[in-house]
Amino acid sequence: MKKCLTVMILSLLLAGTVVTWAENDTQQNQKSQSVGGPWGHPDVLNAAAAIQMTPEQQAKFRAAVGAFVDGLMKYTVSLIKQQKPDIPRKLKRKRRKLTKVMDQSMSEVLDEEQYPRYEAYRDLLLDKMEKISSGGRRRR
């Protein structure tokens with residue numbers, strides 16, 4: 001279990017905390033297998049581009065997703081440093097809370113047509129993050 005969490009943390013740390021999404025870079029990023037982490041996976045980048053956001057929306061999107069990733073990473077590192085018991089359960093709870101905050105901020109930014117595409121992006125991102133944290137095995 002520590003090995004899976006270590007892999008997830010190392011992936012997040014190596015990726016950095018800055019999430020950048022630009023529709024113009026999507027095709028270039030698709031050529032490389034993965035850019036930095038689950039948020040740089042070609043499928044996730046395609047889902048972000050499919051939302052079809054304006055530049056103003058993109059800035060708010062990057063801020064919301066960045067806050068989600070940063071918050072989850074900081075909380076994960078904190079739990080591991082403190083050697084808290086039942087880390088997976090606490091991470092799942094924190095991920096749900098951060099997801100709700102991200103959803104709320106995106107609901108204020110996106111229109112009715114864009115929001116379902118954002119939800120598809122979010123679900124794909126969460127799925128990719130879970131696969132990394134579980135070492136490739138899907139847990140439910």
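**View 1. Gln114 is a buried residue, with a relative accessible area of 5%.** In this predicted model, Gln114 lies in helix α6, the element that spans residues 114-133. Because the relative accessible area of Gln114 is 5% and the cut-off for a buried residue is under 20%, Gln114 is counted as buried. When residues up to four places away in sequence are left aside, the contacts of Gln114 are with Ile51, Gln52, Met53 and Gln57.

**View 2. Lys92, Arg93, Arg96, Lys97 and Lys100 form a positive patch on the surface.** One member of this patch, Arg96, is found in helix α5, which covers residues 87-109. Which other residues make up the positive surface patch with Arg96? They are Lys92, Arg93, Lys97 and Lys100, so that the patch consists of lysine and arginine residues, which count as positive.

**View 3. The chain as a setting for the two close-ups contains 6 helices and 0 strands.** Read from the N terminus on, the order of elements is α-α-α-α-α-α, and helix α5, with residues 87-109, holds Arg96, whereas helix α6, with residues 114-133, holds Gln114. Among the contacts in the chain with a separation of 6 or more, 65% are accounted for by residues 24 or more positions apart.

**View 4. The surface of the chain amounts to about 8,400 Å² of accessible area.** Carbon and sulfur atoms contribute 52% of this accessible surface, while 39% of the 140 residues in the chain count as buried, with Gln114 being one of the buried residues.

Key. Residues numbered from 1 in each chain as written. Predicted model: local features only at pLDDT ≥ 70, side-chain atom pairs only at ≥ 80, totals over all residues. Heavy atoms only, no water. Helix = DSSP H or I, 4+ residues; strand = E, 2+ residues; numbered from the N terminus. Buried < 20%, exposed > 50% of the residue type's maximum accessible area, 1.4 Å probe, protein only. Contact = heavy atoms within 4.5 Å. Patch = residues over 30% accessible without salt bridge, like charges linked within 9 Å, V, L, I, M, F, W, Y side chains within 5 Å. Areas by Shrake-Rupley, 256 points an atom, 1.4 Å probe, with all protein chains shown as cover. Salt bridge = Lys/Arg side-chain N within 4 Å of Asp/Glu carboxyl O. Charge placed at Lys NZ, Arg CZ, Asp CG, Glu CD.
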